[in-house]
Amino acid sequence: MEHSKRGLLPMKHGIKLSKKQSPKTDEELKRMSNIPYASAVGSIQCAIQCTRSDVAYILSVTSRYQACAGEAHWGAVKSILKYLKRTKDMFLIYDGGELILEGYSDASFQSDDDDAKSQSSFVFKLNGGVVAWKSSKQDTTADSTMEAEYIQISLALLDSWRSVVQDEKFHALDKAGRR
């Protein structure tokens with residue numbers, strides 16, 4: 001990876017991953033068994049928990065294939081790693097002043113080719129700095145775009161309540177004079 005070209009985006013445009021891209025022959029299985037796919041996905045997971053909300057979506061997609069990763073899946077993980085290498089000097093900044101909470105959510109209807117489930121994502125910002133984010137496949141199969149969006153907004157509100165409003169750091173920040 002140290003001699004790789006630097007990634008401009010965490011995911012190439014138009015890429016679709018599915019179980020159909022998993023190894024089929026013994027040779028492919030042997031080649032993929034020597035690739036640290038699960039380890040790389042786990043390392044990226046650690047990065048997004050603290051500071052890298054920009055790769056949450058593609059990590060959610062690639063983590064589905066840890067048991068059956070193929071060359072296309074590995075290529076997607078390498079793209080994330082290249083992007084993280086290129087953007088390693090970028091970080092989140094929290095602005096002071098009055099506490100202003102903003103939230104955004106979205107769902108892509110039946111975006112998973114394997115089971116037709118929708119992908120959900122949300123991000124919450126406090127004073128312009130991202131404090132909570134998530135991107136994951138919905139547990140239920142939505143029958144319409146509107147239903148996928150309703151499911152997403154309810155999940156975003158529940159998760160934001162848990163991660164922002166009930167967070168001890170949030171209350172400590174508020175009690176410390178809203179720095």
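Okay, aromatic pairs to start with: this structure, which is a predicted model, holds 2 of them. Take Y37 and W74. Their ring centres sit 6.3 Å from each other, and the planes make an angle of 55 degrees, so the pair counts as tilted, because edge-to-face would need over 60. Now, where are these two residues? Y37 belongs to helix 2, residues 37-50, while W74 belongs to helix 4, residues 71-86, so the pair ties together parts that are 37 residues apart in sequence. And are they buried or exposed? Y37 has a relative accessible area of 3%, so call it buried. W74 comes out at 13%, and that counts as buried too.

The other pair is F122 with F124. Here the centres are 5.4 Å apart and the planes are at 65 degrees, which makes the pair edge-to-face. F122 is buried, at 7% relative accessibility, and F124 is buried as well, at 9%.

Right, on to charges. How many salt bridges does a search of the whole structure find? It finds 2. Keep your eye on R31. In one bridge, R31 partners with E27, and the closest N and O atoms are 3.8 Å apart. Both residues are in helix 1, and they are 4 residues apart, so about one helical turn separates them. E27 is exposed, at 61% relative accessibility, whereas R31 is partly exposed, at 37%.

In the other bridge, R31 partners with E71, with the closest N and O atoms at 2.8 Å. This one links distant parts of the chain, since E71 is in helix 4 and R31 is in helix 1, 40 residues apart. E71 is partly exposed, at 40%. Put the two bridges together, and the shared partner joins E27, R31 and E71 into one network.

Let's go to the surface. Which residues form a nonpolar patch there? They are M146, Y150, I153 and L157, and together they have about 440 Å² of accessible area. Look at Y150 in particular: it lies in helix 5, residues 145-165, and it is exposed, with a relative accessible area of 56%. Compare that with Y37, the buried tyrosine at 3%.

Last thing, confidence. The mean pLDDT of the protein is 77, and 79% of its residues reach 70 or more. Where is confidence highest? In helix 1, residues 26-33, with a mean of 90. The lowest is helix 6, residues 168-175, at 52. Where pLDDT is low, don't read the predicted coordinates in detail. Okay, that's me done.

How values were computed:
Residues are numbered from 1 along each chain as its sequence is written. This is a predicted model: local features need pLDDT of at least 70, side-chain atom pairs count only at pLDDT 80 or more; totals for chains, interfaces and linings use all residues. Side-chain values use heavy atoms; hydrogens and water are left out. Rings of Phe, Tyr and Trp (its six-membered ring) pair if their centres lie within 6.5 Å; planes under 30 degrees apart count as stacked, over 60 as edge-to-face and the rest as tilted. Helices (H or I, at least four residues) and strands (E, at least two) are DSSP runs, numbered from the N terminus. Buried means under 20% relative accessible area, exposed over 50%, partly exposed in between (1.4 Å probe, protein chains only). pLDDT is the predictor's confidence in each residue, from 0 to 100. Patches are made of residues with over 30% relative accessible area and no salt bridge: like charges are joined within 9 Å, nonpolar side chains (Val, Leu, Ile, Met, Phe, Trp, Tyr) within 5 Å. Accessible areas come from the Shrake-Rupley method with a 1.4 Å probe; for residues, only the protein chains shown count as cover. A salt bridge is a side-chain nitrogen of Lys or Arg within 4 Å of a carboxyl oxygen of Asp or Glu.
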